[in-house]
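This report is an introduction for a reader who is meeting the structure for the first time. Please keep the sequence and the model in view while reading the sections below.

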Amino acid sequence: MILEIVSPEAKLFSAEVTSVSLPGVNGSFQILNNHAPIVSILGKGIVKIDAPSFKFSKEVAGKFTRVTDQTYTLAIESGTIEMKDNKVIVLAD
């Protein structure tokens, strides 16, 4: 599936991923390939991204924390998410 993370300042990430874990307002949840369509509000927490490879622009690389070669995290204050047709869009603050 494709994951896009966008902040008010810039597009932070756009790539093929295997899963993404998100801090929902009622608890964390994970989205995998072919997940049912969903729209949700995100709370303060950590977005965990699992992907075969990562490429970040120099401007945004400092916002992400490397956990392993295939896992990175991003701290957010709030946001929204939409999953539809195997594309996840996260609007993050």
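## Terms of burial

A residue is called buried when its relative accessible area is under 20%, exposed when that area is over 50%, and partly exposed in between. The structure described here is a predicted model, and by the cut-offs just given F56 is partly exposed, because its relative accessible area is 22%.

## The aromatic cluster

F56 belongs to an aromatic cluster that also takes in F13, F54, F64 and Y72. In total, the count of aromatic pairs in the model comes to seven. One of these pairs joins F54 and F56, whose ring centres are 5.8 Å apart and whose planes meet at 25°, so the pair is stacked. F56 also pairs with Y72, but here the arrangement is edge-to-face, with 5.1 Å from centre to centre and 65° between the planes. This second pair links distant parts of the chain, since F56 sits in the loop between β6 and β7 (64–68) while Y72 lies in strand β8, 16 residues apart.

The partners of F56 can be placed on the scale of burial as well. F54 has a relative accessibility of 15% and therefore counts as buried, and Y72, at 16%, counts as buried too.

## The nonpolar core

Which residues of the largest nonpolar core touch the most other members? Among the 24 residues of that core, they are L3, I5, V20, I49, V88 and V90. Several strands contribute to this core, and at least two residues come from each of β1 (2–6), β2 (11–16), β3 (19–24), β6 (45–50), β8 (71–76), β9 (79–84) and β10 (87–92).

I49 gives a more detailed view of these surroundings. When its neighbours within four places in sequence are left aside, I49 is in contact with L3, I5, F13, V17, S19, V20, F54, F64, Q70, T71 and Y72. Among these contacts, F13, F54, F64 and Y72 are also members of the aromatic cluster described above, while L3, I5 and V20 are, like I49 itself, among the core residues that touch the most other members.

## Strand β10 and its partners

Strand β10 has two faces, of which the covered one carries V88, V90 and A92, whereas the uncovered one carries K87, I89 and L91. On one side of the pairing pattern, β1 and β10 run in the parallel sense and are joined over five bridges, and within this pairing K87 of β10 is the bridge partner of I2. β9 and β10, by contrast, pair in the antiparallel sense over six bridges, and there K84 stands opposite K87.

The hairpin formed by β9 and β10 has two residues between the strands, and in it D85 takes a positive phi near 55°. K84, which lies in strand β9, has a relative accessible area of 49% and is therefore partly exposed. Although K84 and H35 are 49 residues apart in sequence, their C-alpha atoms are 8.2 Å apart in space.

## Salt bridges

The model holds three salt bridges. In one of them E4 is joined to K87, with the closest N and O atoms 3.3 Å apart, and this pair links distant parts of the chain, as E4 lies in strand β1 and K87 in strand β10, 83 residues apart. The two partners differ in burial class, because E4, at 15% relative accessibility, counts as buried, whereas K87 is partly exposed with a relative accessible area of 34%.

Another salt bridge brings together the side chains of E77 and K44, at 4.0 Å from N to O. Here too the pair links distant parts of the chain, with E77 in the loop between β8 and β9 and K44 in the loop between β5 (38–42) and β6, 33 residues apart. E77 has a relative accessibility of 48% and counts as partly exposed, while K44, at 64%, counts as exposed. There is also a salt bridge between D69 and R66, in which the closest N and O atoms are 2.0 Å apart. D69 counts as exposed because its relative accessibility is 56%, and R66, at 53%, counts as exposed as well.

Methods:
Residues numbered from 1 in each chain as written. Predicted model: local features only at pLDDT ≥ 70, side-chain atom pairs only at ≥ 80, totals over all residues. Heavy atoms only, no water. Core = buried A, V, L, I, M, F, W, Y, C linked by side-chain atoms within 4.5 Å. Buried < 20%, exposed > 50% of the residue type's maximum accessible area, 1.4 Å probe, protein only. Helix = DSSP H or I, 4+ residues; strand = E, 2+ residues; numbered from the N terminus. Contact = heavy atoms within 4.5 Å. Phe/Tyr/Trp six-rings, centres within 6.5 Å; stacked < 30°, edge-to-face > 60°. Pairing = 2+ DSSP bridges.
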